[in-house]
Amino acid sequence: MSEISEHKILFGWEEIKKSLLTCIWFMFLTFPIMVIQVNTIHRTVEWRWERLFFVGAGAFLLSFLWRYMIRRKEAGIKREETAQNTHQDLLQRLLSNPRFSRPALAVAVLFFLTFPLVFSLYQIDIMTTALIYVVVALGLNIVVGLAGLLDLGYVAFFAVGAYTYALLNVHFQLGFWICLPIGGALGFLFGVLLGFPVLRLRGDYLAIVTLGFGEIIRLVLENWNEFSFGPSGIANIPRPGFMGMDLALHQNHTYIYYLMVGLTVFTIFVVRRLQDSRIGRAWTALREDEIACQAMGINKTRTKLSAFAIGATWAGMGGVVFAAKTTFINPASFTIWESVIILCCVVLGGMGSIIGVVAGALVLKLLPEYFRAFSEYRMLVFGTVLVLMMVFRPSGLISSVRRVYRFEGRNKLEGQP
Amino acid sequence: MDLEYFFELFLGGLTRGSIYALIALGYTMVYGIVELINFAHGEIYMIGAFTGLIVAGLLTLLGWPALAILVIASIAAMIYSCAYGWTMEKIAYKPLRKAPRLSALISAIGMSLFLQNYVLLAQTPDFLPFPNLIPEFDFLEPIEHIARSSEILIYAVTAVVMVTLTLLIKFTRMGKAMRATSQDREMAMLVGVNVNRVISMTFILGSATAALGGVLIASHIGQINYYIGFLAGIKAFVAAVLGGIGSMPGAVIGSLVLGWSESFFTGYISSDYEDVFAFLFLVVILIFRPSGILGRKESDKV
Amino acid sequence: MKAVLTVTQLTKTFGGLHALDGVDLTIGRNEIVALIGPNGAGKTTLFNCLTGVYIPTGGSVEITSPEGHTTRLNGLKPDKVTSLGMARTFQNIRLFQNMTVLENVMIGRHCRMHAGIPGAILRNARTRREEKAVIDDSYRILENFQLDRYVNEFAKNLPYGAQRRLEIARAMATEPFLLLLDEPAAGMNAQETKDLDDLIVRLRNKEEISILLIEHDMKLVTSLSDRIFVVDYGRKIAEGTPAEVCCNPVVIKAYLGEEIDA
Ligand SMILES: Nc1ncnc2c1ncn2[C@@H]1O[C@H](COP(=O)(O)OP(=O)(O)O)[C@@H](O)[C@H]1O
Ligand SMILES: [Mg+2]
C-alpha cells in the first residue's frame, strides 16, 4: 500500500510539473554563463546551445532525486525523534562486527604493505600524496570533528611545516629526520600563537579569522622574498636519506611511501588514544555545549587550544613530508582552497570518525588521479560534496560512534571499545 | 604632503569603499536575518559581473550606444544575481535552518567553491576585458586625472542604493517584516510573518546590490575573472563586521573606513602588502571588536 | 552555623535593566535553601553571577569549603568555580546530547582528574588506573541516580525526567559541597517530582552538601527547604522558614496575579 502511494508521490503529475518547472528555471539560470561565450577582442560570439539541453535534462532528473532525498531526510528526523535506540546503518554495523572488521583490517594492511611491490612508481607517488592528505585530514579532524572548531586556515600550518624543512635545509643543510619533529613542533607553536587570541570567538567568526591568518601567512610567504624566496618558491629540496645513504629514485619513492604508511599508522594510533581519553572527551563536550562544559569544570581556552595546536602539529609534520616528497614548494600550494579540500575530506568521511576521515581523504585524493575526466571537475565536485553532505548527511559517510561500556553485574566493570 | 596625491587616494578609497558597501549590504542583511555568514555572497557579485559582461559584449557587437548598454547590462546582471541568490538559498541554506551554524557555513563554503568553478569551467579561467561603458563626462575634465566619470557614477549609485534600501526597510510592509524577523524569528512567525518569503527577499535584495557593484567595478577596472568574488567578498565581510554586522548604516561606514584605510595604506606605505593589510584588518577587528562600530554587544542568555 | 556561601550586595545590570539589585544571601552547611520569585525576577541571573557565567556588576560572592578555605568568586571563570566545589544545573537542560549517559557523568569527573595529553597518548599505568577509576565512579553515580540502565544511551534519547536527573548526577560528579539547582522539577509529573524530593533529601543527608534551589512548585519547596528566599525585580523581598514566608504579605503581593502551584 504505502509503496504504491510513494511511487505515486514520486512520479505523479504534480511531481512531473514541479520537475519541469525546476528544469525551466535552471535553463534560464544557467543560460548566459553556460551558453554564451563573448570574445570582446575578436568580436565574436559563440552560442553553445547543446549545453542548455544537458542542463535541462539534468535538472529535470535531479530534481526528483532532490525531493526524494529531502523527504527521506525529514522522515528520518521524525524517526530519530521517536526512536529510543539510535539507529545504525549497515556500514557501521559491519565495521563494529569483529568478524568483518578484523579480516578487512588484515586485507588493508596487506594491501598497503605490498603496494610498492605491485604498482608502478607513478602509482606509489599518488598513494604517497594521498597518505599525506590522510594524515593532515586526521589532524584537522581533531580540530573540526572532535572539538567542533572550524579552522579554515589549517593549510597555513601545513605551509609552516613545508617551509620549515625547505628553509632549514637551504640555510643550514638540516636533514629530513631532524626537520620532521621540528616541523611538528613549529606547527604546534604556531597553533598556540594563532589559536590563543582567536579561540574565544564564536564558531563562525573563528572560521573567518583562521581564514584570515591562513591567507596572511601565504601572502607573507609570497611577498617576503628575502625570507621565503617569494612566489617562485624553493626547489631542489632533498628527499629523505636512509641512514646516510643516497637512494636511487625508485627506492627513494618507495622509502617515502613506507615512511608515510608509518606516519599514518602512528597518527591513527595517537588520534584513537586521544579521542578516548580525558582530553578527547572534553573536546567532544566542548563541541556539544560550551557553557555546560565550563560548568563541569573544563577550562574552555586551554581545551580548545590543545585541540587547535595538536591538529596543527600534524599539519606541520605533513608539510615536512610534502616538501620532501615534491622537492619543490611555493606559496601557491597553500591557498585557502587547500584548507577547504582538507575540510572536504573530513566532512565527506565523517567528522570525528577516524575510519571515515581516512576513507574520505583517500577517495577525494585518489579519484581525481584515476579519473582524468573527474580531475577537471575536481573543485566543482568538492563544492558539491560540501553542500550535499551538510544537507543530507552531516555526520559523513561513516559517522563516528561513541564508545560503548559494558558492566557485568554490580561493580564488576570492564570497558570495551 | 602632496595634497593632490592625498585627494587621489581619498577618492580611490571612496570608490573601493562604495563597492565594498554594495557587497557588504548583502552580507549584513543576510546575517541580520538568518545569522549566517553567506560565504558565497562574493560569488553572487562575480556572477553579476559576468552576466553584465556577457550582455554588454553582445550588445556592443550589435552596436548599441554605451549608456543603453550599461543600463541593460546592469538590469540583466541584477536579475541573474537575484536568481542565483534565491536558488542558492533554497538549495544550500534552507534545508539547514535548524542545523548547527557551522553546518550552514560549511555549506556556504561549498557553494562558493562550486560557483567559482562553475564559471571557470563554463566560461574561462582567464581575465576577460570588460567593455568601457561609461563615457567621460565633459564637466569632469578639469579633475579628470583625479576622478574619472566611472568613479563619480559609483558614488552616485551607491548613495542612491543606500537611500532606497533604507526607505524600503523603514516604510514598506516587507521591510517591517524583515526587521521583525531579524529581532525574533519565532515571534515574527507567530504574528503571521511569512519568514520564508522574508528570507528569500533578503537574499534577493542583497544579490541585486552586489550585482550592481559587480557591473560598476568591472567597467571601472576593465577586466574580470571567475575569482574576483572571493577577495571582494572577504573584504566586504570585514567591512560589515567593522561596521557592526546586522546593521545597514554600519555596513556603509565600515566599507568606507576599510576603503580609505586600504587606499592610504597602499598609497603611503606599501602596495605589496595590500591584501595582507586587509586580512590583518579582518583579524584585528574580529579579535578586538567583533561587535563592530555600530553593533550591539551580544551576550548569550543562559 | 557556618556559612558555605555568602553573597553581599550582589548587583547585575543589563544596559538599564537591574536584573539583580543588592542581593544578600547566606547558605549554611548542609542546608537546603530555596529561591523563589516570579518569572523574570532574576533568579537564574543570580545563579549565573554565582557561577561565573556572568560577571557581577557589583557586590561580592564568597564560598567557604568544608576545610575552611574562603574564596572570593567575583570574576572567576565558571570552570574555576566548579573546581572550587560549587556545581549547578540549568533551567533549560544542557546535557551533552550526542554523548552517552556515562560519558556525560565522566565529563563531570574531568576536573577531579589529572591525565594530560602525554598521559593520553602513552596511556601509562597511572592514566589507565585513573580511567578505570573514573568509569567505576561514574557508573556508581549513575546507579545512585537510578540511571544505570541507560549507561550507553545517548543523552538526547532519555525521557525528560531522566534527563533532569542526569543533569544533577553530572553536577554531583564534580564533587561539590554546594549544589545549585535551577528549576529541577520543571515539566515533571507528580511521581517524578516526588522522586526528586526524595533524591534531594538523600543527597543532602548522604553527601553532606548544601543545596540552593530555584523552584516554582511550592509543595516541593516547603517540604524540602530549611529556609526560603523570595526575590522580585532583582531584590530580596523576604526570607525565612517556609511557614514564615508563606504568610508574609509582601510575598503574597509579589505573587498576586501570578499563580502559586500547590
Ligand atoms: N544575557 C542577558 N541579557 C539581557 N537581559 C538578560 C540577560 N539574562 C537575563 N536577562 C534579564 O534579566 C531578568 C531576569 O531574568 P532571569 O534571571 O532569567 O529570571 P528568572 O527569575 O525567571 O530566572 C529578565 O528580565 C531577563 O530578561
Ligand atoms: Mg530562570
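The domain assignment splits chain C of this predicted model into two parts: domain 1, covering 1–85 + 176–262, and domain 2, covering 96–171. Domain 1 of chain C is thus written in two sequence segments. The C-alpha centres of the two domains are 27 Å apart. Where they meet, domain 1 of chain C supplies 18 residues to the contact and domain 2 of chain C supplies 11 residues. Together the two domains bury about 1,000 Å². Carbon and sulfur atoms carry 61% of that area.

Step back to chain C as a whole. DSSP runs give 10 helices and 10 strands. The radius of gyration of chain C is 19 Å. The globule rule gives 18 Å for 262 residues, and the two values are close, so chain C is as compact as a globular protein of that length. Along the principal axes, the C-alpha atoms of chain C occupy a box of roughly 65 × 40 × 35 Å.

The interior of chain C can be described in two ways. By accessibility, 57% of the 262 residues count as buried. By contacts, take the pairs in chain C with a separation of 6 or more: 69% of them are between residues 24 or more positions apart. On the outside, chain C has an accessible surface of about 10,800 Å². Carbon and sulfur atoms make up 51% of that surface.

Now turn to the metal site in chain C. Which protein atoms serve as donors to the magnesium ion (ligand 2)? They are OG1 of T44(C) and OE1 of Q91(C), at 2.0 to 2.1 Å from the ion. These two donors come from distant parts of the chain, 47 residues apart. T44(C) sits in helix α1 (residues 43–51) of chain C. Q91(C) sits in the loop between β6 (86–88) and α3 (101–109) of chain C.

Are the two donors buried or partly exposed? T44(C) has a relative accessible area of 14%, under the 20% limit, so T44(C) is buried. Q91(C) has a relative accessible area of 32%, between the 20% and 50% limits, so Q91(C) is partly exposed.

Chain A comes next. The domain assignment gives domain 1 (3–80) and domain 2 (111–341). The C-alpha centres of these two domains of chain A are separated by 40 Å. Chain A contains 18 helices and 4 strands. The C-alpha atoms of chain A fill a box of roughly 85 × 75 × 50 Å along the principal axes.

Of the 417 residues in chain A, 52% are buried. Contacts in chain A between residues at least 6 apart in sequence join residues at least 24 apart in 72% of cases. The accessible surface of chain A is about 19,500 Å². Of this, 66% belongs to carbon and sulfur atoms.

Finally, look at where chain A meets chain B. How many residues does each chain bring to the contact? Chain A brings 64 residues and chain B brings 63 residues. The two chains bury about 5,600 Å² between them. Carbon and sulfur atoms give 77% of that buried area. On the chain A side, the residues that lose the most area to chain B are I33(A), Y205(A) and W337(A). Together these three account for 14% of what that side buries.

Conventions. Residues are numbered from 1 along each chain as its sequence is written. Chains are lettered from A and ligands numbered from 1 in the order in which they are written. This is a predicted model: local features need pLDDT of at least 70, side-chain atom pairs count only at pLDDT 80 or more; totals for chains, interfaces and linings use all residues. Side-chain values use heavy atoms; hydrogens and water are left out. Domain bounds come from an automatic or database domain assignment. Donors are N, O and S atoms within 2.8 Å of the metal (3.2 Å for Na, K and Ca); water is not among the atoms, so sites may look incomplete. Buried means under 20% relative accessible area, exposed over 50%, partly exposed in between (1.4 Å probe, protein chains only). The radius of gyration is taken over C-alpha atoms; the globule rule is 2.2 Å times the number of residues to the power 0.38. Contact means heavy atoms within 4.5 Å. Accessible areas come from the Shrake-Rupley method with a 1.4 Å probe; for residues, only the protein chains shown count as cover. Buried area is the accessible area (1.4 Å probe) that two parts lose on being put together, summed over both.
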